[in-house]
Amino acid sequence: MDILNIIIGKSWGQRIVVLGAAILYSYLFIAKPNVAKKGVINSFQTFTTLFTLIIAALLISQAIGLLIPEERVIDLLGEGSGLKGIATGGLLAGLLQGGPYAAYPIIKSLYDKGAHISVVIAMLLGYGAIGIGRVAYGLMFFGPKIVGLRLLLALPVPILAGLIVLLFV
């Protein structure tokens, strides 16, 4: 692992975020140094608070990925699983807790073990659209009518997206 990849990341997405932050904070340190200092301090405080949670979530997600047998993934979520695999994957991903640092490694490990791309797309959208972990927060801010409608409208999204990928990709 070379030092440049550690500093700015390996993927282009990561590099864009890191370079964007560097440009933004370069501007802030010149134009509004007090705002920049406060932002850096607050960011490091948040990082130290979340660090152990993120490490634990990564460890758990990797263990889950390693414990699920490849043949089971292929049976339930593989190329031959069709609509049932898409629905299962999309709805199960909607139940995943934690941020992308927890959910994405699980979904990626299932993909690596044979989950079909249509199922992976359904899982990514199910995680984002359904997001059962956000229901309590939604109820607090918006009440049961809006949260219920959100869930009702979100449920078919991963299934429809997975079907589109299955049929046309």
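In this predicted model, seven named residues form a nonpolar patch on the surface: Tyr-111, Ile-117, Ile-164, Leu-166, Leu-167, Phe-168 and Val-169. The patch covers about 750 Å². Its largest share comes from helix α9, which spans residues 156-168 and supplies 4 residues.

Another patch member, Ile-117, belongs to helix α7, the helix of residues 117-129. The relative accessibility of Ile-117 is 36%, so this residue counts as partly exposed. The class of partly exposed residues lies between the buried ones, under 20%, and the exposed ones, over 50%.

Ala-56 can be read in the same way. Ala-56 sits in helix α3, which runs over residues 33-67. With a relative accessibility of 34%, Ala-56 is likewise placed between the two limits and therefore counts as partly exposed. Along the chain, Ala-56 and Ala-102 are 46 residues apart, and 8.9 Å separates their C-alpha atoms.

Helix α3 also meets helix α2, which is made of residues 12-31. The axes of the two helices come within 5 Å and cross at roughly 135°. Because of this angle, α2 is oblique to α3; an angle would have to be over 145 degrees to count as roughly antiparallel. On the α2 side, the contact is made by Tyr-25, Leu-28, Phe-29, Ile-30 and Ala-31. On the α3 side, the residues in contact are Pro-33, Val-35, Ala-36, Lys-37, Gly-39, Val-40 and Ser-43.

Terms used. Residues are numbered from 1 along each chain as its sequence is written. This is a predicted model: local features need pLDDT of at least 70, side-chain atom pairs count only at pLDDT 80 or more; totals for chains, interfaces and linings use all residues. Side-chain values use heavy atoms; hydrogens and water are left out. Patches are made of residues with over 30% relative accessible area and no salt bridge: like charges are joined within 9 Å, nonpolar side chains (Val, Leu, Ile, Met, Phe, Trp, Tyr) within 5 Å. Accessible areas come from the Shrake-Rupley method with a 1.4 Å probe; for residues, only the protein chains shown count as cover. A salt bridge is a side-chain nitrogen of Lys or Arg within 4 Å of a carboxyl oxygen of Asp or Glu. Buried means under 20% relative accessible area, exposed over 50%, partly exposed in between (1.4 Å probe, protein chains only). Axes are lines fitted to C-alpha atoms, for helices over the stretch in contact, and angles run from 0 to 180 degrees between N-to-C directions. Angles under 35 degrees count as roughly parallel, over 145 as roughly antiparallel, 65 to 115 as roughly perpendicular and the rest as oblique. Contact means heavy atoms within 4.5 Å.
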